[in-house]
Amino acid sequence: MVSSKADEDVLDAVGPRLRALRRERGITLADLAATTGVSESTLSRLESGQRRATLELLLPLARTYDVPLDDLVGAPRTGDPRIHLKPVERFGMTFVPLSRRPGGVHAFKMIIPAQPEPLEPVPQTHEGFEWLYVLNGRLRLVVGERDLVLSPGEAAEFDTSLPHWLGSSDGGVVELLVLYGIQGVRAHVRTDPRRPSRGTSGR
């Protein structure tokens, strides 16, 4: 049985989790209020911890974000044999690890946040090959001299020794699956274009 202290810890973590999820999706409080029917002030107090989460508030949020209710509250999964890996924020993007093998191919869900202003591509290189599949949004993929836009359901595979860069083509959130070897850990580091590093080329 979960103790009352554990219950308090779960409830205290709901607000920050909801705020992080909303920002990850690139949604404003006003947009969320219009979609869920929950007032903007209530949503703000919920995210800041000034308002306790209730089923009445969480259900429309779970529908809007299209995630299980348990994911919103971070409830412990009793008896679930699956390994639930935590997202990692790197290089301005979110990486959700889908595998834990010490070597070989690594699988990630990658989330590129909404971009108020278009980013100038700063291609990078590394050894190996990369495979990606677009789940949501419109991905801009620059590989060598090619500048492509991929829609949901489209995939690409390329030699990562070629300069390449990933971003949003229209400023919206992009979600994709990515497979690459351990040598690709630094695949998408964005560097200061005024200080180019070895293996980096501008457009």
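# A tour from strand to salt bridge

Start by selecting Glu89 and Thr94: Glu89 stands opposite Thr94, which belongs to strand β2. As you look around, keep in mind that this is a predicted model.

**Stop 1: the hairpin of β1 and β2**

Extend your selection to strand β1 (residues 88-90), which pairs with β2 in the antiparallel sense over 3 bridges. Together, β1 and β2 make a hairpin with 2 residues between them. Click on Phe91 in the turn, where phi is positive, at about 60°.

**Stop 2: along β2**

Now colour strand β2 (residues 93-97) by itself. Is this strand enclosed by the rest of the structure or not? Here 5 of the 5 residues are buried, so β2 is largely enclosed by the rest of the structure.

Show the side chains next. In a regular strand, side chains alternate between the two faces of the sheet. You can follow that here: Met93, Phe95 and Pro97 point one way, Thr94 and Val96 point the other way, and all of them are buried.

Pause on Met93, which is found in β2. Met93 counts as buried because its relative accessibility is 2%, and the cut-off for buried is under 20%. Now pick the C-alpha atom of Met93 and that of Ile112: these residues are 19 apart along the chain, yet the two atoms are separated by 5.1 Å.

Strand β3 (residues 105-112) runs antiparallel to β2, and 4 bridges join the two. To find one of the partnerships, select Pro97 in β2 and look across to Phe108, its bridge partner in β3.

**Stop 3: Glu175 and its partners**

Move along to strand β9 (residues 174-181) and pick out Glu175, which is found there. Is Glu175 buried or exposed? Glu175 is buried, with a relative accessible area of 9%.

Show everything in contact with Glu175, setting aside its neighbours within four places in sequence. You should find Arg25, Lys109, Met110, Ile111, Tyr133, Val134, Leu135 and Asn136.

Side chains of opposite charge can pair when their charged atoms come close. Zoom in on Lys109 and Glu175 for an example: their side chains meet in a salt bridge, at 2.9 Å from N to O. Lys109 lies in β3 and Glu175 in β9, so the pair ties together parts that are 66 residues apart in sequence. Add Glu24 and Arg25 to your selection, and you have a network of four residues, Glu24, Arg25, Lys109 and Glu175, joined by salt bridges that share partners. Lys109 itself is partly exposed, with a relative accessible area of 24%.

**Stop 4: two arginines and Glu47**

The structure holds 6 salt bridges. For another of them, select Glu47 and Arg19, whose side chains meet at 4.0 Å, N to O. This pair links distant parts of the chain: Glu47 is in helix α3 (residues 40-48) and Arg19 in helix α1 (residues 4-25), 28 residues apart.

Keep Glu47 selected and add Arg22. These two also form a salt bridge, with the closest N and O atoms 2.7 Å apart. Again the link is between helix α1, home of Arg22, and helix α3, home of Glu47, with 25 residues separating them in sequence.

How do the three residues compare in exposure? Glu47 is buried at 5% relative accessible area, Arg22 is buried at 9%, and Arg19 is partly exposed at 23%.

**Stop 5: a nonpolar patch**

Switch on the surface and select Val105, Trp131, Tyr133, Leu135 and Leu179. They form a nonpolar patch with about 390 Å² of accessible area together. Which strand gives the most to this patch? Strand β4 (residues 129-136) does, with 3 residues. Leu179 comes from β9, and at 33% relative accessibility it counts as partly exposed.

**Stop 6: another hairpin and a helix**

Select strands β5 (residues 139-143) and β6 (residues 146-150), which pair in the antiparallel sense over 5 bridges. Arg140 stands opposite Val149 in β6. In this hairpin, with 2 residues between the strands, Gly144 takes a positive phi near 60°.

Then visit helix α4 (residues 55-65), whose buried residues are Leu57, Leu58, Pro60, Leu61, Ala62 and Tyr65. Just after α4, look for Asp66, which has a positive phi of about 60°.

**Last stop: the whole view**

Zoom out and colour by secondary structure. You will find 5 helices and 9 strands. Buried residues make up 35% of the 203 residues.

Technical notes
Residues numbered from 1 in each chain as written. Predicted model: local features only at pLDDT ≥ 70, side-chain atom pairs only at ≥ 80, totals over all residues. Heavy atoms only, no water. Buried < 20%, exposed > 50% of the residue type's maximum accessible area, 1.4 Å probe, protein only. Patch = residues over 30% accessible without salt bridge, like charges linked within 9 Å, V, L, I, M, F, W, Y side chains within 5 Å. Areas by Shrake-Rupley, 256 points an atom, 1.4 Å probe, with all protein chains shown as cover. Pairing = 2+ DSSP bridges. Contact = heavy atoms within 4.5 Å.
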